[in-house]
2 protein chains.
Amino acid sequence: MKIQKIAVLGAGLLGASIMQAAKARGVASQCVAWSRSAETRDFCRQTSYCDAVFETPQEAVAGADIVVACVPVDKIVPLLETCVPAIKQGALITDVGSVKAAICAEADRVLPPELCFVGSHPMAGSELNGIAAARSDLLDGHLCFVADDERSRRTGAGTRACAFWEKLGMRTRLVCPKEHDAIVAHVSHLPHSVAVALSAALASKPLGWRECGAGGLRDTTRVSAGNPKVWRSILEENRSEILPALELFLARIESLRNALRDENSEQLLEILSAASAWRLPLSMQ
Amino acid sequence: MKIQKIAVLGAGLLGASIMQAAKARGVASQCVAWSRSAETRDFCRQTSYCDAVFETPQEAVAGADIVVACVPVDKIVPLLETCVPAIKQGALITDVGSVKAAICAEADRVLPPELCFVGSHPMAGSELNGIAAARSDLLDGHLCFVADDERSRRTGAGTRACAFWEKLGMRTRLVCPKEHDAIVAHVSHLPHSVAVALSAALASKPLGWRECGAGGLRDTTRVSAGNPKVWRSILEENRSEILPALELFLARIESLRNALRDENSEQLLEILSAASAWRLPLSMQ
């Protein structure tokens, strides 16, 4: 069944990529957006994939079958709350926030119980931000977590959201919000933190060294180019899950440092081998 | 001036990519190789870029104008030493080892002073190893360090090696061996160590989590798939430069952890901003 109208709140990298994918795949007849930035609204008017752009989120959500909140994690539920009176009955409401337990709990406190809301987290992105970096294939083949909680089961929002993301080309996985946060703390927020610490360390060395690196340096640090404020919100929202993940990492990097310092060649090989065995299958895919 | 014959000792990822690039760019009339592995020698015989492959390194270097040792760092000078009697007078001898101070010092102790040897380090690679992963464009546009020491200046090997690597499509930089080791400790060996510790940490979590990551996880961990024994040699050979680089990184990741733990939002933003400012220009290139 074709969706008549998708409203995207926040037309940044993800919001605009969702509109592009929906248009490219014929998922929706109409894609509309709200952006608080006049510049982004102007950009939207120049595109072929955004049919209308509004100055208020309430105008954007009016009549939409699907509303996707694509704003920073700490803004999602407050924004949706202001939209509730304007949302069409039965519309599916979701988001793209990188943490889920806090957002789903806040949604339960704040949003009417009959609202068909479910948290989503499409695991796709770029170190570049904003609508100009959006691509119709950004979501292709990537995993989208959909929060499996009481509301999503009761309202059917979980199943509907999975169907929506799959139409956009994603794989989906229903998972309880707390488990989601533990997984992404390890596979997304920890790698991000590690890349950030690496770039921050290298920033204290001669600037010319940056151009001496090859693909290894580029890849290992890539995500650290991401927007600092956006990532601060994400790290702070998922603090309780990231801290133990950081400790786990610190224990490993200290083992590696100790093995090298103490000339413990066996232990060094053990760590290198464990890492290679874990990572190699991803290179073979 | 076209080179008549290049001999590659060790026909792995780099050795075979050098032969491919030399053939693709018409840099040499003949490319020959030695490999200690019968399987790799058989592979060589099936390729169009390797004109002859030998069972002993002495046979391979006979008559060559350029000899490139592409074996693990701890094997380079011992291997070259056994080849000295077979090397043509005036031939340029170099290597691709990831560390330079120890190799250049060892070369000075062991190789005849008139031998036109200079250490090189092409900063190109892949997490995949072996001749099957070789590519004619592996070196394209990447930086090749050439060791600037007393022998390389006296024999002219430094200038000749730069010209050789540039013909293969690389940028070159003459740098003293000790400075080279400090730079690569930071831009290559530290990122590798960090990626290894990250993969090793994630290896202790449910295996299914590995498939939940997106590009960020893939990129941040990519190099850790590399060959454990090769990387153990590299880390051990450059131990004295890597240990302070690891300490620098540890200080930054601990600052990040502390900022998150202590809810020091300002400090967290400072680290994220320093990292992003340092890394963003590489994404813009």
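**Exercise 1. Determine how α12(A) is oriented relative to α8(B), and which residues bring the two helices together.**

Solution. In this predicted model, the axes of α12(A) and α8(B) lie 8 Å apart and the two helices pack at an angle of about 70 degrees. Angles of 65 to 115 degrees count as roughly perpendicular, and α12(A) is therefore roughly perpendicular to α8(B). The next step is to find the residues that meet: α12(A) contributes I271(A), L272(A), A274(A), A275(A), W278(A) and R279(A), while α8(B) contributes V196(B), S199(B), A200(B) and L202(B). Sorted by class, the residues of this contact comprise 8 nonpolar, 1 polar and 1 charged.

**Exercise 2. Carry out the analysis for α12(A) and α10(B), and state the handedness of their crossing.**

Solution. Helix α12 of chain A spans residues 265-284, and its axis runs 9 Å from that of α10(B), with a packing angle of about 135 degrees. An angle of this kind falls outside the ranges for roughly parallel, roughly antiparallel and roughly perpendicular, and α12(A) and α10(B) are therefore oblique to each other. Their crossing is right-handed. On the side of α12(A) the contact involves S265(A), L268(A), L269(A), L272(A), S273(A) and S276(A), and on the side of α10(B) it involves P228(B), K229(B), W231(B), R232(B), L235(B) and E236(B). The class count for this contact is 6 nonpolar, 3 polar and 3 charged.

**Exercise 3. Place these helix pairs within the whole contact between the chains: how many residues of each chain take part, and which helix of chain B gives the most?**

Solution. Begin with the totals, which are 75 residues of chain B in contact with 75 residues of chain A. Five helices of chain B, namely α8 (177-202), α9 (215-221), α10 (228-237), α11 (239-261) and α12 (265-284), each supply at least two residues of the side that touches chain A. Of these, α8(B) gives the most, with 16 residues. To finish, divide this side of chain B by class, which yields 43 nonpolar, 18 polar and 14 charged residues.

**Exercise 4. Describe how α4(B) and α5(B) pack, and what the buried residues of α5(B) pack against.**

Solution. The axes of α4(B) and α5(B) come within 9 Å of each other and cross at roughly 30 degrees. Since angles under 35 degrees count as roughly parallel, α4(B) is roughly parallel to α5(B). The crossing of α4(B) past α5(B) is right-handed. In the contact, I76(B), V77(B) and E81(B) of α4(B) meet I103(B), E106(B), A107(B) and V110(B) of α5(B), a set with 5 nonpolar, no polar and 2 charged residues. Turning to burial, α5(B) covers residues 101-110, and its buried residues are A101(B), A102(B), I103(B), C104(B) and A107(B). These buried residues pack against α4, β5, β6, β8, α8 and α10 of chain B.

**Exercise 5. Decide whether M123(A), E241(B), E263(A) and E263(B) are buried or exposed, and describe the setting of each.**

Solution. The rule is that 20 or more other C-beta atoms within 10 Å make a residue buried, and 12 or fewer make it exposed.

- M123(A) sits in the loop between β7 (120-122) and β8 (143-147) of chain A, and with 24 other C-beta atoms within 10 Å it is buried. Beyond its neighbours within four places in sequence, M123(A) contacts residues of both chains, including H142(A), S188(A), C212(B) and A214(B).
- E241(B) belongs to helix α11 of chain B and counts as buried, with 22 C-beta neighbours inside 10 Å. Not counting residues up to four places away in sequence, E241(B) touches D181(B), A182(B) and A185(B). Although 55 residues separate E241(B) from H186(B) in sequence, their C-alpha atoms are 8.3 Å apart in space.
- E263(A) lies in the loop between α11 and α12 of chain A, and it is exposed, with 10 other C-beta atoms within 10 Å. Although E263(A) is not a glycine, it has a positive phi of about 50 degrees.
- E263(B) is found in the loop between α11 and α12 of chain B and counts as exposed, with 10 C-beta neighbours inside 10 Å. E263(B) has a positive phi of about 50 degrees, although it is not a glycine.

**Exercise 6. Find which residues have the most contacts inside the largest nonpolar core, and list the contacts of V8(B).**

Solution. The largest nonpolar core has 207 residues, and V8(A) and V8(B) are those with the most contacts inside it. Setting aside neighbours within four places in sequence, V8(B) is in contact with G15(B), I18(B), M19(B), C31(B), A33(B), V68(B) and C70(B).

Definitions and conventions
Residues numbered from 1 in each chain as written. Chains lettered and ligands numbered in written order. Predicted model: local features only at pLDDT ≥ 70, side-chain atom pairs only at ≥ 80, totals over all residues. Contact = placed C-beta atoms within 7 Å. Helix = DSSP H or I, 4+ residues; strand = E, 2+ residues; numbered from the N terminus. Nonpolar A, V, L, I, M, F, W, Y, C, P; charged D, E, K, R; others polar. Axes fitted to C-alpha atoms, helices over the stretch in contact; angles between N-to-C directions. Parallel < 35°, antiparallel > 145°, perpendicular 65-115°, else oblique. Left-handed = near helix turned anticlockwise from the far one by under 90°. Core = buried A, V, L, I, M, F, W, Y, C linked by C-beta atoms within 7 Å.
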